Amino acid sequence: MEIEFDDRVLAHLRVVIVTKLRRAESFTMQYAYGPESAAGHASLWLHPSIPLQFKFYGSKEPVLNRAWIEALMVGASSTVGLHLLPEPDPSNLPH
């Protein structure tokens, strides 16, 4: 099964997913699919024993937004599971 995400989104999801799986924590991931992601949604069960591959289209690693990773981690640790949230604007975050 292959699910496509923009490289920037995927880089952030990868950090969260790898962190959870390295801790041997299983969790669900919710995602939208279809034309412009408005057609439907699905849930995945992610477990450390399931092989995953992260495929990026660009050659450069996106700069990561720590606040976004933290917000995604909170969701991944909840009963709702990991779901894509809008990226927080780094200029509006407290320093």
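## A salt bridge to start with

Glutamate 25 and lysine 20 form a salt bridge, with their closest N and O atoms 2.6 Å apart. The term salt bridge here means a side-chain nitrogen of Lys or Arg within 4 Å of a carboxyl oxygen of Asp or Glu. The two partners sit in rather unlike surroundings: lysine 20 is buried, at 4% relative accessible area, while glutamate 25 is partly exposed, at 27%. For these labels, buried means under 20% relative accessible area, exposed means over 50%, and partly exposed is whatever falls in between (1.4 Å probe, protein chains only).

A word on what you're looking at: this is a predicted model, where local features need pLDDT of at least 70 and side-chain atom pairs count only at pLDDT 80 or more, while totals for chains, interfaces and linings use all residues. Residues are numbered from 1 along each chain as its sequence is written, and side-chain values use heavy atoms, with hydrogens and water left out.

## The overall layout

The chain has 2 helices and 3 strands, and from the N terminus they come in the order α-β-β-α-β. Both kinds of element are DSSP runs numbered from the N terminus: helices are H or I over at least four residues, strands are E over at least two.

Of the 95 residues in the chain, 27% are buried. If you take the contacts between residues at least 6 apart in sequence, 59% of them join residues at least 24 apart, a contact being heavy atoms within 4.5 Å. The exposed area of the chain is about 6,600 Å², and carbon and sulfur atoms supply 57% of that; accessible areas come from the Shrake-Rupley method with a 1.4 Å probe, and for residues only the protein chains shown count as cover.

## The sheet and the helix across it

The 3 strands make an open sheet with the order 2-1-3 and mixed pairing. Strand 2 and strand 3 (82–83) are at the edges with a single partner strand each, so one side of each has no neighbour in the sheet. Two strands count as paired if DSSP finds at least two bridges between them.

Strand 1 (residues 27–33) runs antiparallel to strand 2, and 7 bridges join them. Among the bridge partners, methionine 29 goes with leucine 44 of strand 2, and tyrosine 31 goes with alanine 42 of strand 2. With strand 3, strand 1 pairs in the parallel sense over 2 bridges; here glutamine 30 has histidine 83 as its bridge partner.

Helix 1 (residues 7–22) lies across strand 1, strand 2 and strand 3, and runs at about 155° to strand 1. That angle is taken between N-to-C directions on a scale from 0 to 180 degrees, using axes that are lines fitted to C-alpha atoms, for helices over the stretch in contact.

## Around the loops

Alanine 24 lies in the loop between helix 1 and strand 1. Its phi is near 65°, a positive value in a residue other than glycine. Alanine 24 is also exposed, with a relative accessible area of 58%.

Over in the loop between strand 2 (40–46) and helix 2 (66–76) you'll find isoleucine 50, which is partly exposed at 35% relative accessibility. Ile50 joins Trp45 and Leu52 in a nonpolar patch on the surface, with about 300 Å² of accessible area together. Patches are made of residues with over 30% relative accessible area and no salt bridge; nonpolar side chains (Val, Leu, Ile, Met, Phe, Trp, Tyr) are joined within 5 Å, and like charges within 9 Å.

## More charged pairs

The structure holds 4 salt bridges. One of them brings together the side chains of arginine 8 and glutamate 87, at 2.5 Å from N to O. That pair links distant parts of the chain, with arginine 8 in helix 1 and glutamate 87 in the segment after strand 3, 79 residues apart. Arginine 8 is partly exposed at 27% relative accessibility, and glutamate 87 is partly exposed too, at 32%.

Another salt bridge is formed by the side chains of arginine 66 and glutamate 70, at 3.2 Å from N to O. Both residues lie in helix 2, 4 residues apart, about one turn of the helix. Arginine 66 is exposed at 66% relative accessibility, whereas glutamate 70 is partly exposed at 44%.
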